[in-house]
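Dear colleague,

I am passing a structure on to you, together with some notes on what turned up in it. Please look through it first and then read on.

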Amino acid sequence: MSRKVQCAKIKEELEGLDFVPFPGELGKRVFDNVSKEAWKQWLAQQTILINEYRLSSLDPKARSFLQEEMEKFLFDGEEIDMPDAFKPA
């Protein structure tokens with residue numbers, strides 16, 4: 001049976017994630033409050049940010065930047081800052 005959450009991003013009760021996506025307090029918050037659909041949307045946005053800004057997952061500044069953008073996207077209802085050069089297909 002799937003787990004339901006009141007999604008902070010989509011504002012509906014939807015299917016929740018199957019596991020905590022990363023360790024720590026924020027990972028638990030995402031697990032408790034973000035649907036699979038919203039997480040999928042974030043992963044697409046994250047991929048764009050990583051590619052356009054040429055971010056490395058080994059760089060602590062890049063990880064911090066992505067975490068801040070993720071919080072804005074999933075919880076604050078803010079649009080994330082897309083790179084100037086990004087042109088959606």
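A charge is taken to sit over a ring if NZ of Lys or CZ of Arg is within 6 Å of the ring centre and within 35 degrees of the ring normal. In this structure, which is a predicted model, the charged end of Lys9 is placed over the ring of Phe73, at 3.9 Å from the ring centre. Arg29 likewise lies over an aromatic face, that of Phe75, and here the value is 3.8 Å from the ring centre.

The aromatic rings also pair with one another, and the count comes to three aromatic pairs, two of which I describe here. Trp42 and Phe73 make up a tilted pair, with 5.8 Å from centre to centre and 45 degrees between the planes. This pair links distant parts of the chain, since Trp42 belongs to helix H2 (residues 36-53) and Phe73 to helix H3 (residues 60-76), with their positions 31 residues apart. Trp42 has 0% relative accessibility and therefore counts as buried, and Phe73, at 7% relative accessibility, counts as buried too, because buried means under 20% relative accessible area.

The pair of Tyr53 and Phe65 is edge-to-face, with the ring centres 5.6 Å apart and the planes at 90 degrees. Tyr53 lies in helix H2 and Phe65 in helix H3, so this pair ties together parts of the chain that are twelve residues apart in sequence. As for their surroundings, Tyr53 counts as partly exposed at 37% relative accessibility, and Phe65, at 24% relative accessibility, counts as partly exposed as well.

Helix H3 also holds Glu69, and you may wish to ask whether this residue is buried or exposed. Glu69 turns out to be buried, with a relative accessible area of 3%, and its side chain is joined to the side chain of Lys72 by a polar contact of 2.9 Å.

Finally, a word on how two of the helices are arranged. Two packed helices are described by the angle between their axes and the distance between the axes. For helix H1 (residues 25-33) and helix H3, the axes come within 12 Å and cross at roughly 25 degrees. Angles under 35 degrees count as roughly parallel, and H1 and H3 are therefore roughly parallel to each other. The crossing in which H1 passes H3 is left-handed.

With best wishes

Key. Residues numbered from 1 in each chain as written. Predicted model: local features only at pLDDT ≥ 70, side-chain atom pairs only at ≥ 80, totals over all residues. Heavy atoms only, no water. Phe/Tyr/Trp six-rings, centres within 6.5 Å; stacked < 30°, edge-to-face > 60°. Helix = DSSP H or I, 4+ residues; strand = E, 2+ residues; numbered from the N terminus. Buried < 20%, exposed > 50% of the residue type's maximum accessible area, 1.4 Å probe, protein only. Polar contact = N/O pair within 3.5 Å; in protein donor to acceptor, adjacent residues only side chain to side chain. Axes fitted to C-alpha atoms, helices over the stretch in contact; angles between N-to-C directions. Parallel < 35°, antiparallel > 145°, perpendicular 65-115°, else oblique. Left-handed = near helix turned anticlockwise from the far one by under 90°.
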